Amino acid sequence: MKILVTGGAGFIGGHIAERFVVDGHDVVALDNLDPFYDVDIKRHTIERCREHASSGDGRYELVEGDVRDADLVSELVADADYVYHQAAQAGVRQSVENPRKYDEVNVDGTLNLLDAARETGIERFVMASSSSVYGKPRYLPYDEEHPTTPVSPYGASKLAAERYVCAYSEVYDLSAVALRYFTVYGPRMRPNMAISNFVSRCLDGRSPVVYGDGSQTRDFTFVEDVVEANVALLDTDAADGEAINVGSTDNIEIETLAEEIRDQLAPDLDLVYEDRHDADAEHTHASTERAAELLGYEPEYTIREGVSAFIDWYRENREWYEPLVRNS
Ligand code: NAD
């Protein structure tokens, strides 16, 4: 299959691209190598995909470009069987500083891809959405019927984009799905997220930073589970027109997680507490019943298993990853 992965040099898009190359598909990764965090992390991802391709798996090509460039997007979609749209301006807090950019990249960029997909016709369009679309919880775990009232420009942009995905599926008969990811972590993860902060600071002899009192809860989801949900969508149109949760269901308080990582890696360090940002979600927790029903999705990693896998990976890759985390 020919698969276009937007954001294919990023954290999640990179894992999806890598898996498809390993499985023998022809992958084109469209990414503008946005300097939101140290771009050298993305270069490692690109290198890994190239290595898989040169060792005889599928093919891999990086196109350095922007999802806001409608002509480029049309050209690439015309040549694809599937589009896995992972490119976005990520970051809840940063979206408060510059909301318009989030709209341009996350909403207009998605529309460029959707328009190209409906014009040329593709097998399926899969978009990365986010638990941020839910906003303040009325009940937990969130199921897909929960009201969507995002409290950040990032969440609003993701909600707008996924509504377009579902509307295009309905109106233009496009096979299209949005997956609402819940706080994803794993190898090559974005450095400015809780788990990379806790692990890198503890291994570096610096106190892990907890925002707020740490009573916030999260469904941290290991990236391999997210990849499996995406891979499942190669073979089924059962989820067309829907936005579906992809989480771990294994919920944990942030302070507890920071303490556990600290106890394991640097028991002498104290946790440091800094102000919580208003746009940060207080609690997220996923019901994944719909994903199980439609995609056969079963998260394999508990948080403790995933964190332990991440720490193993971090130790093996510390030499190049740690300076880049510190840089970001
Ligand atoms: P990431 O920043 O590592 O990956 C996004 C990639 O998109 C980057 O490589 C970036 O260079 C690229 N990009 C940004 N703007 C672009 C543009 N205009 N044109 C082309 N490429 C562009 O982030 P990630 O954590 O891998 O997130 C991937 C997707 O998953 C995003 O859509 C994000 O909103 C969504 N998501 C992530 C999480 C998470 O916890 N990481 C949670 C929910 C949803």
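This is a short talk on a predicted model of a protein with a ligand, covering the ligand's surroundings, two helix pairs and two backbone details.

I will start with the ligand. There are 29 residues around it, and those that come nearest are I12, D31, Y37, Y154 and V184. Sorted by class, the shell around the ligand has 14 nonpolar residues, eight polar ones and seven charged ones.

Now the polar contacts. Y37, already named among the nearest residues, places a polar side-chain atom 2.5 Å from an oxygen atom of the ligand. Two further contacts use the backbone. A polar backbone atom of F11 is 2.9 Å from an oxygen atom of the ligand, and for G10 the corresponding distance, again from a polar backbone atom to a ligand oxygen, is 3.2 Å.

How much of the ligand does the protein bury? On its own the ligand exposes 820 Å², and 97% of that is buried by the protein.

Which elements give two or more residues to the shell? They are α1, residues 11–22, then β5, residues 124–130, and α6, residues 153–172. The largest share comes from β5, with three residues.

Next, helix packing. Let me stay with α1, which was on the list of shell elements. The axes of α1 and helix α8, residues 223–232, come within 10 Å and cross at roughly 60°. That angle is why α1 is called oblique to α8. The crossing of α1 past α8 is right-handed.

The second pair is helix α9, residues 254–265, and helix α11, residues 303–327. Their axes are 12 Å apart, and the helices pack at an angle of about 45°. So α9 and α11 are oblique to each other. Here, too, the crossing of α9 past α11 is right-handed.

Last, the backbone. As background, most peptide bonds are trans, and most residues other than glycine have a negative phi. Two places in this model should be read with that in mind.

Where is the cis peptide bond? It runs from L140 to P141, with omega near -10°. P141 sits in the loop between β5 and α6, and both of those elements also give residues to the ligand shell.

The other place is D173. This residue is not a glycine, yet its phi is positive, at about 55°. D173 lies in the loop between α6 and β6, the latter being residues 176–181.

To look at these places in the structure, begin at Y37 beside the ligand, then find P141 and D173 in their loops.

Conventions
Residues numbered from 1 in each chain as written. Predicted model: local features only at pLDDT ≥ 70, side-chain atom pairs only at ≥ 80, totals over all residues. Heavy atoms only, no water. Near = heavy atom within 4 Å. Polar contact = N/O pair within 3.5 Å; in protein donor to acceptor, adjacent residues only side chain to side chain. Areas by Shrake-Rupley, 256 points an atom, 1.4 Å probe, with all protein chains shown as cover. Helix = DSSP H or I, 4+ residues; strand = E, 2+ residues; numbered from the N terminus. Nonpolar A, V, L, I, M, F, W, Y, C, P; charged D, E, K, R; others polar. Axes fitted to C-alpha atoms, helices over the stretch in contact; angles between N-to-C directions. Parallel < 35°, antiparallel > 145°, perpendicular 65-115°, else oblique. Left-handed = near helix turned anticlockwise from the far one by under 90°.
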